[in-house]
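Please open the structure in your viewer and set it to a cartoon display. The tour below proceeds from the whole chain to a single residue.

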Amino acid sequence: MKDLTTIEMVDEFIQENKFSFVYVSRTNCSVCHALLPRVKEVLSEFPLINQGFVNADQLEEIAGRLSIFTVPALLLFIDGKETIREARFVPIETFEEKVRKVYQLSAAD
């Protein structure tokens with residue numbers, strides 16, 4: 001998972017990759033730290049998805065840029081467009097189903 005530390009890095013990451021996944025977290029967020037390994041495990045099944053990580057404590061502008069009101073925030077972009085958004089308490093099975101559906105539809109393009 002690539003650390004994204006500036007707004008420019010986030011923008012480039014989203015625009016340069018067909019599949020861009022951005023995980024937004026905070027340093028003292030226990031839910032964020034518990035969920036991240038499970039999200040990584042799910043995403044390992046989808047090799048075309050590039051993964052980025054943003055610490056909102058270090059990049060506070062991310063909240064305004066991506067309209068994030070709580071963490072963790074899980075965002076999947078396809079061709080620069082937000083396709084999936086999950087936040088706070090994320091049922092991992094539901095997340096995996098959503099990713100699988102859009103991935104299968106878009107990977108065929």
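**The whole chain**

Followed along the sequence, the protein chain shows the pattern β-α-β-α-β-α-β-β-α. Its radius of gyration is 13 Å, close to the 13 Å that the globule rule gives for 109 residues, so the chain is as compact as a globular protein of that length. Please keep in mind that this is a predicted model. Colour the cartoon by secondary structure, and 4 helices and 5 strands can be picked out.

Next, show the C-alpha atoms alone. Along the principal axes, they fill a box of roughly 35 × 30 × 20 Å. Then switch on the surface of the protein chain: its accessible area comes to about 6,100 Å², and carbon and sulfur atoms account for 49% of that area. Of the 109 residues in the chain, 46% are buried. Consider also the contacts between residues with a separation of 6 or more: 67% of these contacts join residues 24 or more positions apart.

**Strand S3 and its partners**

Select residues 49–55, which form strand S3. Why can this strand be called largely enclosed by the rest of the structure? Buried here means a relative accessible area under 20%. In S3, 6 of the 7 residues are buried, so the strand is largely enclosed by the rest of the structure.

Now add residues 2–3, which make up strand S1. S1 and S3 pair in the parallel sense, over 2 bridges. To see one position in this pairing, display Asp3 and Phe53: Phe53 is the bridge partner of Asp3 in S3.

Then add residues 19–25, strand S2. How many bridges link S2 and S3? The two strands pair over 7 bridges, again in the parallel sense. Display Phe21 and Gln51, and you will find Phe21 opposite Gln51 of S3. To follow the connection, select helix H2, residues 30–43. The chain passes from S2 through H2 to S3, and this β-α-β crossover is right-handed.

**Ser106 in helix H4**

Finally, select residues 92–107, helix H4, and within this helix display Ser106. Is Ser106 buried or exposed? Its relative accessible area is 12%, and the cut-off for a buried residue is under 20%, so Ser106 counts as buried. Which residues does Ser106 touch, leaving aside its neighbours within four places in sequence? Show Lys18, Phe19 and Ile78: Ser106 is in contact with each of these residues. One of them, Phe19, lies within residues 19–25, the range of strand S2.

Methods:
Residues numbered from 1 in each chain as written. Predicted model: local features only at pLDDT ≥ 70, side-chain atom pairs only at ≥ 80, totals over all residues. Heavy atoms only, no water. Buried < 20%, exposed > 50% of the residue type's maximum accessible area, 1.4 Å probe, protein only. Pairing = 2+ DSSP bridges. Right-handed = clockwise from strand over helix to strand, strands pointing away. Contact = heavy atoms within 4.5 Å. Rg over C-alpha atoms; globule rule 2.2 N^0.38 Å. Areas by Shrake-Rupley, 256 points an atom, 1.4 Å probe, with all protein chains shown as cover.
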